[in-house]
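Colleague: I am new to this structure and should be grateful for a close look at a single part of it. Please take one feature and follow it through its surroundings.

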Amino acid sequence: REEDRCLNKGEIVMNDITKKLLSMISDISGEINETYINMVVIHLLQCLEVHYKTTLTSDSMLTQYLCAHITACYRRLKQSEHISNPLLTDMQQNYRKDFDILKEHIFILENSLNIALNNDEIAYILMHILAALERQKTDSYIPVLVVACNSGMATGNLLAALIRKHFHVRIAAICQMQNLEETVAAHHADLV
């Protein structure tokens with residue numbers, strides 16, 4: 001099962017085959033190439049998808065930005081440069097569950113790239129993932145409307161049809177102004 005493969009740290013070991021693979025995918029200067037980093041990032045995202053029960057790998061912005069971040073992070077760590085994350089405490093407090101999930105899976109990056117990531121780096125990686133999760137929420141949100149008309153139902157129906165034509169919304173009800181309060185309460189509308 002994919003879930004077992006992602007969660008079992010014992011199955012991901014830096015062995016002779018992995019070391020040979022690392023040497024094959026490095027360029028002459030010893031840098032890991034971008035294709036390999038992309039593959040490692042995709043593997044991490046696939047494992048996180050199991051926990052979040054959503055698709056992360058299809059978010060091209062996440063993949064692009066996370067690969068660029070991991071590439072820069074890899075180079076920093078290979079040169080023994082460390083950065084601090086001023087939002088680390090906030091990330092650990094406000095996103096404890098997400099931080100813990102990522103920390104469980106960070107071995108994928110560490111073992112594959114032969115690096116050690118501290119909490120500051122993990123928090124930066126988490127920011128990319130949280131941004132993608134927020135984009136998904138925004139993309140899937142459809143406002144619920146109630147159309148209220150003071151002059152009659154015909155005008156309200158026409159207005160609702162025009163709103164549907166131009167906006168991605170769900171019209172829960174069309175009502176007359178005298179019924180507005182109970183209609184909004186019954187349908188939990190976002191907008192009137």
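Which side chain meets that of Asp-59 in a salt bridge?

Modeller: In this predicted model, the side chain of Asp-59 forms a salt bridge with that of Arg-135, at 2.9 Å from N to O. The pair joins distant parts of the chain: Asp-59 belongs to the loop between α3 and α4, while Arg-135 is in helix α8, 76 residues apart. Asp-59 has a relative accessible area of 13% and is therefore buried, the limit being under 20%. Arg-135, at 24%, counts as partly exposed.

Asp-59 also caps the N-terminal end of α4, with a side-chain oxygen 3.1 Å from the backbone nitrogen of Met-61. Helix α4 covers residues 60-78; at 1.5 Å a residue its 19 residues should span 27 Å, and the end C-alpha atoms are indeed 27 Å apart. Just beyond this helix, Ser-80 adopts a positive phi of about 60°.

The buried residues of α4 include Leu-62, Leu-66, Ile-70 and Arg-76. Arg-76 meets Glu-121 in another salt bridge, 2.8 Å from N to O. Glu-121 lies in helix α8 and Arg-76 in α4, so this pair ties together parts 45 residues apart in sequence. Both Glu-121 and Arg-76 are buried.

Nonpolar contacts complete the picture. Ile-129 touches Leu-62, as well as Leu-45, Leu-48, Tyr-52 and Leu-102, leaving aside residues up to four places away in sequence. Ile-129 is among the residues with the most contacts inside the largest nonpolar core, which has 38 residues. Elements giving two or more residues to this core include α4 and α8, and α3 gives the most, with nine.

Methods. Residues are numbered from 1 along each chain as its sequence is written. This is a predicted model: local features need pLDDT of at least 70, side-chain atom pairs count only at pLDDT 80 or more; totals for chains, interfaces and linings use all residues. Side-chain values use heavy atoms; hydrogens and water are left out. Helices (H or I, at least four residues) and strands (E, at least two) are DSSP runs, numbered from the N terminus. The expected span of a helix is 1.5 Å times one less than its number of residues. Buried means under 20% relative accessible area, exposed over 50%, partly exposed in between (1.4 Å probe, protein chains only). A polar contact is a pair of N or O atoms within 3.5 Å; within protein, one must be able to donate a hydrogen and the other to accept it, and residues adjacent in sequence count only if both atoms are side-chain atoms. A nonpolar core is a set of buried Ala, Val, Leu, Ile, Met, Phe, Trp, Tyr and Cys residues joined through side-chain atoms within 4.5 Å. Contact means heavy atoms within 4.5 Å. A salt bridge is a side-chain nitrogen of Lys or Arg within 4 Å of a carboxyl oxygen of Asp or Glu.
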